[in-house]
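Colleague: Got a minute to go through this one with me? Here it is.

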Amino acid sequence: VSANYLLPTTKPTAPSKDDPRIASAAIPEPGQYGLSEADVKLLRAGATKLLDDGRCQKVVYTAKSLTKDDTYFFNCGDQSYFLTPQEIGG
């Protein structure tokens with residue numbers, strides 16, 4: 001099987017800033033808490049991934065982990081997740 005058949009032909013669209021499944025204050029702005037623009041994009045992409053995968057119904061809080069290198073934290077109210085950029089797809 002050719003690799004062309006295994007790879008997506010289009011790049012996924014960026015997660016919407018207006019997704020109602022993500023609490024309005026769940027994702028910080030770049031510069032807050034020392035987060036870069038890339039960190040914020042990963043937080044938004046990770047939140048959307050958890051929602052789209054059905055692991056979360058609503059994301060209420062996100063952060064860059066203070067205890068795990070290169071890892072992001074997501075709280076869905078009743079469940080929490082740690083994801084790396086590789087798991088997020090970033």
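Modeller: First, the labels. Helices (H or I, at least four residues) and strands (E, at least two) are DSSP runs, numbered from the N terminus. With that, Tyr33 sits in the segment before α1. Keep in mind that this is a predicted model.

Colleague: What is the phi of Tyr33?

Modeller: Near 55°, a positive value in a residue other than glycine. Most residues other than glycine have a negative phi.

Colleague: Is Tyr33 buried or exposed?

Modeller: Exposed. Its relative accessible area is 72%, and the cut-off for exposed is over 50%.

Colleague: Which other residue other than glycine has a positive phi?

Modeller: Asp70 has a phi near 50°. Asp70 is in the loop between β1 and β2. At 43% relative accessibility, Asp70 is partly exposed.

Colleague: Back up a bit. What is the average pLDDT?

Modeller: The protein averages 87, and 81% of the residues score at least 70. Over residues 9-13 the pLDDT is below 50. That stretch has 0 contacts in the model beyond near neighbours in sequence. Where pLDDT is low, the predicted coordinates should not be read in detail.

Colleague: On to the sheet. What is the strand order?

Modeller: β1-β2-β3, an open sheet of 3 strands with antiparallel pairing. β1 (61-64) and β3 stand at the edges, each with a single partner strand, so one side of each has no neighbour in the sheet. From one strand to the next, the twist averages 15°.

Colleague: How many bridges join β1 to β2?

Modeller: There are 4, and the two strands run antiparallel. Thr62 has Phe74 in β2 as its bridge partner. Another 4 bridges join β2 to β3, also antiparallel. There, Tyr72 has Leu83 in β3 as its bridge partner.

Colleague: Which strands does α1 touch?

Modeller: β1, β2 and β3. Helix α1, residues 37-52, packs on the sheet, and its direction makes about 45° with that of β2.

Colleague: Where do the side chains of β3 point?

Modeller: They alternate along the strand. Tyr81 and Leu83 point to one face and are buried. Ser80 and Phe82 point to the other face and are not buried.

Colleague: Why isn't Phe82 counted as buried?

Modeller: Its relative accessible area is 37%, so Phe82 is partly exposed. Buried would need under 20%.

Colleague: Now the rings. How many aromatic pairs are there?

Modeller: The search of the whole structure finds 2. In one of them, Phe73 and Phe82 have ring centres 5.2 Å apart and planes at 55°, so that pair is tilted. Tyr61, Phe73 and Phe82 form one aromatic cluster.

Colleague: Which residue lies over the face of Phe82?

Modeller: Lys68, at 4.1 Å from the ring centre. Arg55 lies over the face of Tyr81, at 5.5 Å from the ring centre.

Colleague: Last topic, the hairpin. How many residues lie between β2 and β3?

Modeller: 4 residues. Gly77 is in that turn, with a positive phi of about 95°. The flanking strands are β2 (72-75) and β3 (80-83). Gly77 is exposed, at 53% relative accessible area.

Colleague: And how far apart are the C-alpha atoms of Gly77 and Lys58?

Modeller: 7.4 Å, for two residues 19 apart along the chain.

Definitions and conventions: Residues are numbered from 1 along each chain as its sequence is written. This is a predicted model: local features need pLDDT of at least 70, side-chain atom pairs count only at pLDDT 80 or more; totals for chains, interfaces and linings use all residues. Side-chain values use heavy atoms; hydrogens and water are left out. Rings of Phe, Tyr and Trp (its six-membered ring) pair if their centres lie within 6.5 Å; planes under 30 degrees apart count as stacked, over 60 as edge-to-face and the rest as tilted. Buried means under 20% relative accessible area, exposed over 50%, partly exposed in between (1.4 Å probe, protein chains only). A charge sits over a ring if NZ of Lys or CZ of Arg is within 6 Å of the ring centre and within 35 degrees of the ring normal. pLDDT is the predictor's confidence in each residue, from 0 to 100. Contact means heavy atoms within 4.5 Å. Two strands pair if DSSP finds at least two bridges between them. Axes are lines fitted to C-alpha atoms, for helices over the stretch in contact, and angles run from 0 to 180 degrees between N-to-C directions.
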